Structure formats: structure tokens, C-alpha cells
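Trainee: Please choose a single part of this model and look at it closely with me. I would like the cut-off behind each term to be given as it comes up.

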Amino acid sequence: MLFVALCFDKPGHVDLRMSTRAAHLAFLDAHAAQVKLGGPFVENDKPVGSMLILDCPDEASARALLAQDPYAAAGLFERVELKAWKRVVGAEL
């Protein structure tokens with residue numbers, strides 16, 4: 001089952017994002033089978049959040065995976081929205 005995670009950074013936390021970025025990227029690499037697509041939201045050329053498409057058995061599994069993300073563990077996100085999603089057009093995930 002696919003889920004879209006919309007993760008919004010706390011304002012003014014670019015330094016925290018940058019200091020945990022390597023651990024976050026390692027986490028994404030280690031979970032590549034579940035993290036199908038992702039990247040940052042940007043405003044004025046600065047990251048302000050993230051979007052991930054996850055392939056997990058259910059919402060509880062998706063939330064558990066997101067909780068392991070170093071960005072989440074560091075307290076970067078102001079809020080996270082998780083929505084079940086169905087691919088209709090575009091690349092297979």
C-alpha cells in the first residue's frame with residue numbers, strides 16, 4: 001500500500017536539517033525498498049520540509065517507519081501528514 005508523507009520543518013530549523021542530513025540519507029538508503037520516492041520542499045532555495053512516497057503494509061507500519069527517520073528523531077518536523085495514495089499515472093513505484 002502506498003502512502004504520501006508530507007513533513008513540514010519547524011521554522012528556522014535549516015541548520016538542524018543540514019546537521020542530520022547525512023543520517024537521514026543513510027536511513028533512506030537503508031529503507032529503499034519502502035521509500036519509493038522523496039525529496040525536499042524548497043522556498044527561496046532553502047529546504048523547508050520533505051515529501052516521501054512509502055510502500056508499507058498499512059498506516060501503522062508507515063508511521064513506524066517515519067518515526068525512525070533521523071529528521072523525526074531530531075525534532076525537525078513541525079507536523080507530518082500521512083495519506084494513503086493510489087498511483088494512477090506516471091512511473092511504476
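Mentor: Two strands are counted as paired where DSSP finds at least two bridges between them, the strands themselves being DSSP runs of E with at least two residues and the helices runs of H or I with at least four, each numbered from the N terminus. The model is a predicted one, in which local features need pLDDT of at least 70 and side-chain atom pairs count only at pLDDT 80 or more, while totals for chains, interfaces and linings use all residues. Residue numbers start from 1 along each chain as its sequence is written, and side-chain values rest on heavy atoms, with hydrogens and water left out.

The part I have chosen is the sheet, and the hairpin of strand 2 and strand 3 is a good place to enter it. Eight bridges join these two strands, which run antiparallel, and Glu 43 has Lys 46 in strand 3 as its bridge partner. Two residues lie between the strands of this hairpin, where Asn 44 adopts a positive phi near 55°.

Taken as a whole, the sheet is open and consists of four strands in the order 2-3-1-4, with antiparallel pairing. Strand 2 and strand 4 (77-85) are its edges, each pairing on one side only. On average, neighbouring strands are turned by 15° against each other when direction is ignored; axes here are lines fitted to C-alpha atoms, for helices over the stretch in contact, and angles between N-to-C directions run from 0 to 180 degrees.

Towards the other edge, strand 1 (residues 2-9) is joined to strand 4 by eight bridges, and the two run antiparallel. Within this pairing, Cys 7 stands opposite Val 80 in strand 4.

Both helices bear on the sheet, contact meaning heavy atoms within 4.5 Å. Helix 2 (residues 59-68) packs on the sheet and touches strand 1, strand 2, strand 3 and strand 4, its direction making about 150° with that of strand 4. Helix 1 lies across strand 1, strand 2, strand 3 and strand 4, and runs at about 25° to strand 3.

Aromatic side chains add a further link. The structure holds two aromatic pairs, where rings of Phe, Tyr and Trp (its six-membered ring) pair if their centres lie within 6.5 Å, and count as stacked with planes under 30 degrees apart, edge-to-face over 60 and tilted for the rest. One of them is the stacked pair of Phe 8 and Phe 41, with 5.9 Å from centre to centre and 15° between the planes. Phe 8 belongs to strand 1 and Phe 41 to strand 2, so this pair ties together parts that are 33 residues apart in sequence.
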